[in-house]
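Me: I would like a close look at one strand of the sheet in this model, with its neighbours on either side and whatever packs against it. Please take the strand pairing as the starting point.

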Amino acid sequence: MRRARARGEHVLVLDDDPAVRTALTEVLTAAGYRVSAVATGTEALARVAAGALPEILVTDVLLPGLSGPEVAARLKRIRPGVAVVFVSGYSATALAERDLVAADSAFLQKPFSTDELLHAVEEVLAARRR
C-alpha cells in the first residue's frame, strides 16, 4: 500500500454501510490521518456542532436522510474550504446527470483501491492548501 503524506489531518468519514465505513477508517488511519466515522448525515453534523471540525469529508453520495452532497454543503458553510471526496456505487456520469457531485470535489466509484482513495485525499488536500 502506498502511504499518503498525511500530516494528521482530521477526516470525517460518512457512509451508511458499516463494512465500507470500517474499511475507509482503517485505510485512512493507517496512512496517518485522524478519523471520525459516522453512519448518517445527522451524526456528521452533530459531530461538527460538537467541535469536530474536519479538514476533509469522505462521504457516500446517496444516504438515507441527508445525502452526502447536502452534508458537504452544510459543512462548507460551517468550515469554508473543507475538502470533499465523494464515493458511490453509481458512476460519475449518473451522478452528474442528477447534479449531485460538486465540481470542486473528488469522486471515486466503488469499488476503488486503497491507492485510489489515498490519492484522492491527497489531491483534494493539496488543492485546499493552495
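Reply: Two strands count as paired if DSSP finds at least two bridges between them. In this predicted model, strand β4 (residues 83-88) and β5 pair in the parallel sense, over four bridges, and one of the residue pairs involved is Phe86 with its bridge partner Phe107 in β5. Toward its other neighbour, β4 runs parallel to β3, and five bridges join the two. Among the partners there, Leu57 is matched with Val84 in β4, while Asp60 has Val87 as its bridge partner in β4.

These pairings belong to an open sheet of five strands, whose order is β2-β1-β3-β4-β5 and whose pairing is parallel. The edge strands are β2 (34-38) and β5, each of which pairs on one side only. From one strand to the next, the twist averages 15°. Helix α2 (residues 41-49) packs on the sheet by touching β1 (10-14) and β2, and its direction makes about 135° with that of β2. Helix α5 packs on the sheet as well, touching β3, β4 and β5, with a direction that makes about 150° with that of β4.

The burial of β4 can be followed residue by residue. In a regular strand, side chains alternate between the two faces of the sheet. For β4 both faces are covered, since Ala83, Val85 and Val87 on one side and Val84, Phe86 and Ser88 on the other are all buried. Six of the six residues of β4 are buried, so the strand is largely enclosed by the rest of the structure. The edge strand β5 (residues 106-109) offers a contrast within its own length: Ala106 and Leu108 point to one face and are buried, whereas Phe107 and Gln109 point to the other and are not.

Val85, which lies in β4, shows what such a position looks like in detail. With a relative accessibility of 0%, Val85 counts as buried, because the limit for that class is under 20%. Leaving aside residues up to four places away in sequence, Val85 touches Ile56, Leu57, Val58 and Thr59, together with Ala106, Leu108, Ala120, Val121 and Val124. The C-alpha atoms of Val85 and Val61 are 9.6 Å apart in space, and the two residues are 24 apart in sequence.

One of the residues that Val85 touches is Thr59, which lies in strand β3 (residues 56-60). Thr59 is likewise buried, with a relative accessible area of 0%. Again without residues up to four places away in sequence, Thr59 touches Val84, Val85, Phe86 and Val87, and in addition Leu14 and Gly68.

Val121, another contact of Val85, leads on to a helix packing. Leu24, Val27 and Leu28 in α1 meet Thr114, Leu117, Leu118 and Val121 in α5. The residues of this contact divide into six nonpolar, one polar and no charged. The axes of helix α1 (residues 18-30) and helix α5 (residues 114-129) come within 11 Å and cross at roughly 65°, and the two helices are therefore roughly perpendicular to each other. The crossing in which α1 passes α5 is right-handed. Val121 thus takes part in the contact with α1 and also touches Val85, while α5 itself packs on the sheet against β3, β4 and β5.

Methods
Residues are numbered from 1 along each chain as its sequence is written. This is a predicted model: local features need pLDDT of at least 70, side-chain atom pairs count only at pLDDT 80 or more; totals for chains, interfaces and linings use all residues. Side-chain values use heavy atoms; hydrogens and water are left out. Axes are lines fitted to C-alpha atoms, for helices over the stretch in contact, and angles run from 0 to 180 degrees between N-to-C directions. Angles under 35 degrees count as roughly parallel, over 145 as roughly antiparallel, 65 to 115 as roughly perpendicular and the rest as oblique. A crossing is left-handed if the near helix is turned anticlockwise from the far one by less than a right angle, and right-handed if clockwise. Contact means heavy atoms within 4.5 Å. Ala, Val, Leu, Ile, Met, Phe, Trp, Tyr, Cys and Pro count as nonpolar, Asp, Glu, Lys and Arg as charged, and the others, Gly among them, as polar. Buried means under 20% relative accessible area, exposed over 50%, partly exposed in between (1.4 Å probe, protein chains only).
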